[in-house]
Amino acid sequence: MHLPQFYDAGALIAVLTTQPLGRALDYRAPEGGCLLGAFVEVPLGPRKVLGVVWGPGKGDYDLAKVRATYRVLDAPPMREELRCFLERAADYTLTPMPAMLRLATRAPGLGDPPSMRKVYRRGPKEPEKMTAARKKVLAALSEYGDLSFTLKELAEAAGVGTSVVKGLVAQGAVLEEDSPRDLPFPRLDPERPGKDLTPEQAVGAAQLADAARAEQYGTTLLRGVTGSGKTEVYLEAVAGALRAGRQALVLLPEIALTAEFLTRVEERFGAQPAEWHSGATMTERRRIWRMVAQGDAQLVIGARSSLFLPFRNLGLIVVDEEHDTSYKQEEGVLYNARDMAVLRASICGAHVVLASATPSLESWVNAEAGKYKKLELTSRFGPAVMPEMRSLDMRDESLPSNRWISGAMRRAVDARLAAGEQAMLFINRRGYAPITLCRACGHQIGCDHCDARMVEHRFLKRLVCHQCGESKPMPSICPSCDAEDRLAPVGPGVERLAEEAVELFPDARIATLSSDMYGSARALKAEIEAIAEGAADIIIGTQLVAKGHNFPKLTLVGVIDADLGLQGSDLRAAERTFQLMRQVAGRAGRAEKPGTALLQTYQPEHPVIRAILAGDEERFWAAEAREREAAGAPPYGRMAGIILSGSDVAQVFDAGNRLARQDESMRQIGAQVFGPAPAPIARVRGRHRVRLLVKAAKSAPVQAAIARWIAQVPLKGDLRIAVDIDPQSFY
């Protein structure tokens, strides 16, 4: 095993901090010395800040003024592979290293010594007087065996007040003990039997398990139709990594997916894994960070940011629904978690599994070229079969302007309800209506801080900006002309569709699934679980419902506006529409009863709609690939977005024009520069935005050229430049 470099006390070391300084600073090693990668506390002006020992000091500063490191923190040093990953990710995304380090240290109290907490378990004595409340406490302790509780956890499990527990402690019936706050996670058992697999699944599972044990880099595209059991197959790859003594990471695109997934993991391995996402408490984040670094968390289920955890021995990364756009971080550090997963695995000798029923074109091309291995699951698990897909030509319908559910769709839903089955109506818009318009003067209510229309959320009784999150009460008077009661919603949103469904299906139980409508991830998870158990007859949903949920009673999916994603100039519009429609249609018929998917469309002859209905995915990807290759667009070419922003619109445009004129660095690599132009959303949170787009050959050294190019523009005042390598959206 290669031991990290040790620096003696007083030696000159370079420390990278999380402060926006752009580079590491020289310090003296602390008393007792320190290891390369050690987490340290150093002085920066009058403050103490967190840093990591990044190597020897440069010595390009007055040595007499070099300050000493305060102390080494009680945390495992950052491993060489993680430091290398941060550096290469920074180079690829053109991100300053301090910002990358912040991604890798997103847990509180890393410098705190191990802390203790009070825990409670069954004591040797019986209470002098038994009451109903005390019986509940003792019963809860008996039910969970040797498990220790905090005071709050035990009181909640028993359904009593904390004073009841304290009374039992005083009598010796419950023991109060000190326990470390950051406990290791329960060990997972890879030998525990999994579900019975079909021959096709078993072959795929064996291949992935072998790859996960190989301790060398590789990537496999696991492509399977919806409901084909991809999860059970890649869990065998997790088992392979665990058998080899290595850690595994499973990335999920949506926090609401974790509840069902965690249940499946516990069934397979006998214990719950670590769960890393924005909904985790700060205490839990610190525990996970420490246990991952120590090797005491074997499996992490996480959002994209979990890629930056300090794994001790990472052997497998699974990117579930790898095509999902939520893997692209659109603010701060602009990165694609799918691509960064491949990068990190290549550095630490891990295997990557990219799982999807409708893979991204980038992954499809890499698999076709032999860069990735390809594993396909062609049939649904058990008796389930793929849903029948049909279009409903809306040109034959005579719907009123305020209605969106066609007569044919209504009859199909009625038939499912009569059979005791569930139906889903899907629309790709959140809120009640995308625009609120004054019928007196034509004014559309926009956000005060962004160049975006505000969306009415009738459930919340507020207008919400989906760009910056700003909200305000729904007005009764037009803010432009002061006309009363003339504001009207225009266009359908998920809440308005639900309102229409209530009128058309008055006896049905209707549930609306949209991320805006739930105050917490826990509430959203609970609603999804209830629907899966049959608590609703009709599900009204947005993109959230397309992501991996399993509703056994759902046999009909109706897409209200299949044409919506085909609008606009986004080069990925066809790809995303195809993926979304196929994914949401795949929610139907996942159990014994066959399913049907109906697409309401005004363009049934459109090539994408025809490809969706035909189900000939290879033909669609091949055609899409030919178009992209002819245009020199990704994945056959390179693109980068340059976004300038600031409070002074003239200053922002001046900077953009200066860049466009001084594009010698771009011309040297044969790149084209388009713009500057106002961004499609030209103002966000009060900052004006101007975009330039760079297009270059696939082999062009884009990052180095862009770094030289943008260095020509001085950032005066609040002017900022962001670089988006491989942009997924163009707002």
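Okay, let's start with the inventory. This protein has 20 helices and 31 strands. Keep in mind that the model is predicted. The chain has 731 residues, and 53% of them count as buried. The exposed surface comes to about 31900 Å², with carbon and sulfur atoms supplying 50% of that. Now the contacts. Take pairs of residues at least 6 apart in sequence: 76% of their contacts join residues at least 24 apart.

On to the open sheet. It holds 7 strands, and their pairing is parallel. The order reads 12-13-11-14-15-10-16. Which strands stand at the edges? Strand 12, residues 274-276, and strand 16, residues 373-377. Each has a single partner strand, so one side of each is left without a neighbour in the sheet. What about twist? On average, neighbouring strands here are turned by 20° against each other, direction ignored.

Zoom in on one pair. Strand 10 covers residues 218-224, and strand 15 covers 351-356. They run parallel, joined by 6 bridges. For a landmark, find Thr220: it stands opposite Val353 in strand 15.

A helix also packs on this sheet. That is helix 9, residues 282-294. Helix 9 touches strand 11, strand 12 and strand 13. Its direction makes about 120° with that of strand 12.

Next, two helices. Helix 7 spans residues 230-243, and helix 8 spans 258-269. Their axes come within 11 Å and cross at roughly 50°. Helix 7 and helix 8 are therefore oblique to each other. The crossing is right-handed. Who meets whom? From helix 7, the residues include Tyr234, Leu235, Val238 and Leu242. On the helix 8 side, Phe261, Val265 and Phe269 are among them. Charged names show up in the list too, including Glu232 and Glu236 in helix 7 and Arg264 and Arg268 in helix 8.

Last stop, further along the chain. Look at strand 30, residues 687-697. Strand 28, residues 637-646, pairs with strand 30 in the antiparallel sense, over 10 bridges. Within that pairing, Ile642 has Leu692 as its bridge partner. Strand 29, residues 672-684, also runs antiparallel to strand 30, and 7 bridges join them. There, Ala677 stands opposite Arg691.

How many residues lie between strand 29 and strand 30? The two strands form a hairpin with 2 residues between them. Check Arg685 in that turn: its phi is positive, about 55°.

One general reminder while you look at the strands. In a regular strand, side chains alternate between the two faces of the sheet.

That's my tour. Over to you.

How values were computed: Residues are numbered from 1 along each chain as its sequence is written. This is a predicted model: local features need pLDDT of at least 70, side-chain atom pairs count only at pLDDT 80 or more; totals for chains, interfaces and linings use all residues. Side-chain values use heavy atoms; hydrogens and water are left out. Two strands pair if DSSP finds at least two bridges between them. Helices (H or I, at least four residues) and strands (E, at least two) are DSSP runs, numbered from the N terminus. Buried means under 20% relative accessible area, exposed over 50%, partly exposed in between (1.4 Å probe, protein chains only). Contact means heavy atoms within 4.5 Å. Accessible areas come from the Shrake-Rupley method with a 1.4 Å probe; for residues, only the protein chains shown count as cover. Axes are lines fitted to C-alpha atoms, for helices over the stretch in contact, and angles run from 0 to 180 degrees between N-to-C directions. Angles under 35 degrees count as roughly parallel, over 145 as roughly antiparallel, 65 to 115 as roughly perpendicular and the rest as oblique. A crossing is left-handed if the near helix is turned anticlockwise from the far one by less than a right angle, and right-handed if clockwise.
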